[in-house]
Amino acid sequence: GNLDVMESTCKNYGLVSALVLTMTFANFASITKEDWDAYRRLELENPGCQSLAINMPDDMFSENHLGWRKLYCLQAYQALVADPTISLVNTTMAGCLPVIKCAMLTAWKQELAFAAGNGGGSTMLLLVVLYAAWLYISLHATKCSRERYEEAKLLTRQLQNEFLILHSMFVLGIIAAFFGIITVMAIKASTYYISWLVWSIGVAGGIIAFLILVSQIWEIFWVNVQVDRLRKKPPRERAKFIDNM
């Protein structure tokens, strides 16, 4: 690139990162202990977890009037939420322990994605904001003159690795932010299958964003190749070359 492109990159990355940073950091406050308790109960609907309920008594098969179907071990989970120190061993609800552990493990994976997405995304995007600001200052803090081609080229080559790092940090920060947003939406869902639907929508959005990035990189590469070819043409043939593209 050139100095104008570098300046534009610093400004746009700094602005976008600051906006997304505000959103990812706010996601932490949007999820409360009650949300996690509700999500763990939601994971009880996981067919894989429900299949672990073997030889359970009929009173462990709850009507679950707030859901769409009956569930095993809903009463046992509610008892643990009310008193986490209670022991289900040697009780009629002892058979629910594998089901509850399965739901807790699945919820822990979601919590890990929540922390990595929002925490990692917030940290990475904060670094992008600071790094972009410092690089912008660096572009103007040297003695290099923009009017002198050799000096401007020296500056761009000196900072090209730093801008590659900036690009990489920004992409990683956005990827983490996508995971953070998806987990928040999934946790806020009211049913198990709606939660998975939200996950699918979020992943589809991430794939679309990646494809847009790849397409823009390809467009830049293609234009640069055509510019190189155009510059090799005599002036009288350049207009015809562009019309035939």
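Helices, which supply the element names used in these legends, are DSSP runs of H or I with at least four residues, numbered from the N terminus. The model shown in every view is a predicted one.

**View 1. A nonpolar patch on the surface draws on helices α6 and α7.** The patch covers about 970 Å² and is made by V171, L172, I175, F179, V203, I207, F210, L211, L213, V214 and I217. Helices α6 and α7 each supply at least two residues of this patch, and α7 gives the most, with seven residues. One of the patch residues, I207, lies in helix α7; I207 has a relative accessible area of 47%, and because this value falls between the 20% and 50% cut-offs, the residue counts as partly exposed.

**View 2. The largest pocket is lined by 27 residues.** The space in this pocket amounts to about 1,000 Å³, and the lining residues that lie nearest its centre are Y13, F170, V171, L213 and I217. The elements that give two or more residues to the lining are α1 (3-30), α6 (149-188) and α7 (192-232), with α7 giving the most, at 12 residues. When the lining is sorted by residue type, 19 residues are nonpolar and eight are polar, while no charged residue takes part.

**View 3. A salt bridge joins D35 to K188.** Side chains of opposite charge can pair when their charged atoms come close. Here the side chains of D35 and K188 meet at 3.1 Å, N to O. D35 belongs to helix α2 (residues 33-43) and K188 to helix α6, so the salt bridge ties together parts that are 153 residues apart in sequence. The two partners can also be described by their accessibility: D35, at 17% relative accessibility, counts as buried, whereas K188, with a relative accessible area of 46%, is partly exposed.

**View 4. Within helix α2, D37 and R40 are paired about one helical turn apart.** These two residues form a salt bridge in which the closest N and O atoms are 3.2 Å apart, and they stand three residues apart in the helix. Both D37 and R40 are buried.

**View 5. R148 and E151 form a salt bridge.** The closest N and O atoms of this pair are 3.1 Å apart. R148 is exposed, with a relative accessible area of 51%, while E151 is partly exposed, with a relative accessible area of 23%. Elsewhere, salt bridges that share partners join K33, D37 and R40 into one network, and the structure as a whole holds five salt bridges.

Note on methods
Residues numbered from 1 in each chain as written. Predicted model: local features only at pLDDT ≥ 70, side-chain atom pairs only at ≥ 80, totals over all residues. Heavy atoms only, no water. 1 Å grid on protein atoms, 1.4 Å probe; cavity = no way out; pocket = protein on both sides within 12 Å on 5 of 7 lines; lining within 4 Å. Points joined across faces, edges and corners; volume = space filled by probe spheres on them. Nonpolar A, V, L, I, M, F, W, Y, C, P; charged D, E, K, R; others polar. Patch = residues over 30% accessible without salt bridge, like charges linked within 9 Å, V, L, I, M, F, W, Y side chains within 5 Å. Areas by Shrake-Rupley, 256 points an atom, 1.4 Å probe, with all protein chains shown as cover. Salt bridge = Lys/Arg side-chain N within 4 Å of Asp/Glu carboxyl O. Buried < 20%, exposed > 50% of the residue type's maximum accessible area, 1.4 Å probe, protein only.
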